[in-house]
Amino acid sequence: MPIPEFVSGFTVIPVGYSHSTHIIYAREHRSSRSTNSAFPSGRTLFLVNVPIDATDRELSLFFKYAGTVERVIFDQYEQGDSGMQEDASSSSDEDEEGAGSSMEVDDSEANNTQPRKGRKGKKNKKDEATSPSVVPLPTVPLRTLRKTGTVAHVIFLDSSSLTNALSPASKARPWPSSEEPRGLAHYRALYDAQRPPLDIVKAHADSSVEFYEFELARSRRKSAYRKGEAIVDEEGFTLVTRGGAYGNTLGGGASVASKPFQSTGQTGSKKKKEPKEKVSFYAFQKAEKQREVIMDLKKSFEADKARIEKMKESRRFKPY
């Protein structure tokens, strides 16, 4: 069955692989705002159903026959209005300008207070020199796999390149080859990358633990509270801190007794209540309780019968 040249306003671009043929649908990018847009009108090609493992370099090489590609942008879905993109680009420009101005202010302030900044910088450099470094795990450059039906925008340098790209193709064009693994080789490389040798993992773990212990010791040195040491201020007064049930402070300083100790003077703990016996917890306990209730009813019934007989004998019983 022959491949159609156009489908619903899209130009059909067949891509030839060694084992199959892939179809990419392309048309010119349309936007209601042509000024300050991330995708310039007349030079942007909108693609649908891009291969999931395609890279910007491969797309640039694939459309090299049409003209020079300026840049490729993935995962930017087509919308009728590109105002959001314009706002994002303008806000990013403003952020960059703001960051640059703040950097200039910081530099000027640093120049005004050069002696103090210089001393602190030397101290920080000393700490950085003595701090251990973490051995990183090896990383393997792999291609990014995207979702099926991924869209992309290809921006050319001139409008004539866009016209050439939208011209229908008589046969499938081969997809450019790349050094990065693809298909099953990609997953094999990913499997090997996630399982580095044991000696590298051991070096990474040991260096991470060493770095953590160094940071923990440095934070303890900076802390003013140390266990077992009194904290004295500039005027010679001992800092009073509360901690523990009986005034045992956690961070040093003078002890502060708790309110129960101040009122009673005793440090004994509260008496534990004796556990009550659990009644009707087991099945045999429930049966014994029911048996006792029945026996009590029988005894009370017999006592009532004896009392009535005694009242009859004394002729004091008047039923009506």
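Me: Two strands pair if DSSP finds at least two bridges between them. In this predicted model, which residue in strand 3 stands opposite valine 12?

Reply: Strand 2 and strand 3 (residues 21-28) pair in the antiparallel sense over 6 bridges. They make a hairpin, with 4 residues between the two strands. Within this pairing, the residue standing opposite valine 12 is tyrosine 25.

Me: Which residue in strand 2 does phenylalanine 6 stand opposite?

Reply: Strand 1 (residues 6-7) is joined to strand 2 by 2 bridges, and the two run antiparallel. A hairpin with 2 residues between the strands links them, and serine 8 in the turn has a positive phi of about 55°. The strand 2 residue opposite phenylalanine 6 is threonine 11.

Me: Do strand 2 and strand 7 run parallel or antiparallel, and how many bridges join them?

Reply: Glycine 16 in strand 2 stands opposite proline 174 in strand 7. Strand 7 covers residues 173-174, and its direction relative to strand 2 is parallel, with the number of bridges being 2.

Me: How many of the residues of strand 2 are buried?

Reply: Buried means under 20% relative accessible area. In a regular strand the side chains alternate between the two faces of the sheet, so each face has to be examined. On one side of strand 2, Phe10, Val12, Pro14 and Gly16 are buried, and on the other so are Thr11, Ile13 and Val15. The count for strand 2 (residues 10-16) is therefore 7 of 7.

Me: Which residue in strand 6 is the bridge partner of phenylalanine 46?

Reply: Strand 4 (residues 44-50) pairs with strand 6 in the antiparallel sense, over 5 bridges. One side of strand 6 carries Val151, His153 and Ile155, which are buried. The partner of phenylalanine 46 is histidine 153.

Me: Which residue in strand 6 is the bridge partner of valine 69?

Reply: Strand 5 (residues 69-74) runs antiparallel to strand 6 and is joined to it by 5 bridges. Strand 6 is mostly covered, with 7 of its 7 residues buried. The bridge partner of valine 69 is phenylalanine 156.

Me: Which residues does threonine 144 touch, not counting residues up to four places away in sequence?

Reply: Threonine 144 lies in the loop between helix 3 (114-130) and strand 6 (150-156). Its C-alpha is separated by 8.0 Å from that of alanine 54, although the two residues are 90 apart along the chain. Beyond four places in sequence, the residues touched by threonine 144 are Ile52 and Asp53.

Me: Does leucine 145 count as buried, exposed or partly exposed?

Reply: Leucine 145 has its place in the loop between helix 3 and strand 6. On the surface, Ile52, Leu145, Leu184, Tyr187 and Leu190 form a nonpolar patch with about 450 Å² of accessible area together. Because its relative accessibility is 36%, between the limits of 20% and 50%, leucine 145 counts as partly exposed.

Me: What distance does helix 8 reach from its first C-alpha to its last?

Reply: Helix 8 is followed by arginine 315, whose phi is positive, near 55°. The helix has 31 residues, 283-313, and at 1.5 Å a residue 45 Å is expected. Close to that expectation, the distance reached is 46 Å.

Me: What percentage of the residues of the protein chain count as buried?

Reply: The secondary structure of the chain comes to 8 helices and 7 strands. The chain exposes about 24600 Å², of which carbon and sulfur atoms supply 54%. Of its 320 residues, the share counted as buried is 21%.

How values were computed
Residues are numbered from 1 along each chain as its sequence is written. This is a predicted model: local features need pLDDT of at least 70, side-chain atom pairs count only at pLDDT 80 or more; totals for chains, interfaces and linings use all residues. Side-chain values use heavy atoms; hydrogens and water are left out. Contact means heavy atoms within 4.5 Å. Buried means under 20% relative accessible area, exposed over 50%, partly exposed in between (1.4 Å probe, protein chains only). Accessible areas come from the Shrake-Rupley method with a 1.4 Å probe; for residues, only the protein chains shown count as cover. Patches are made of residues with over 30% relative accessible area and no salt bridge: like charges are joined within 9 Å, nonpolar side chains (Val, Leu, Ile, Met, Phe, Trp, Tyr) within 5 Å. A salt bridge is a side-chain nitrogen of Lys or Arg within 4 Å of a carboxyl oxygen of Asp or Glu. The expected span of a helix is 1.5 Å times one less than its number of residues.
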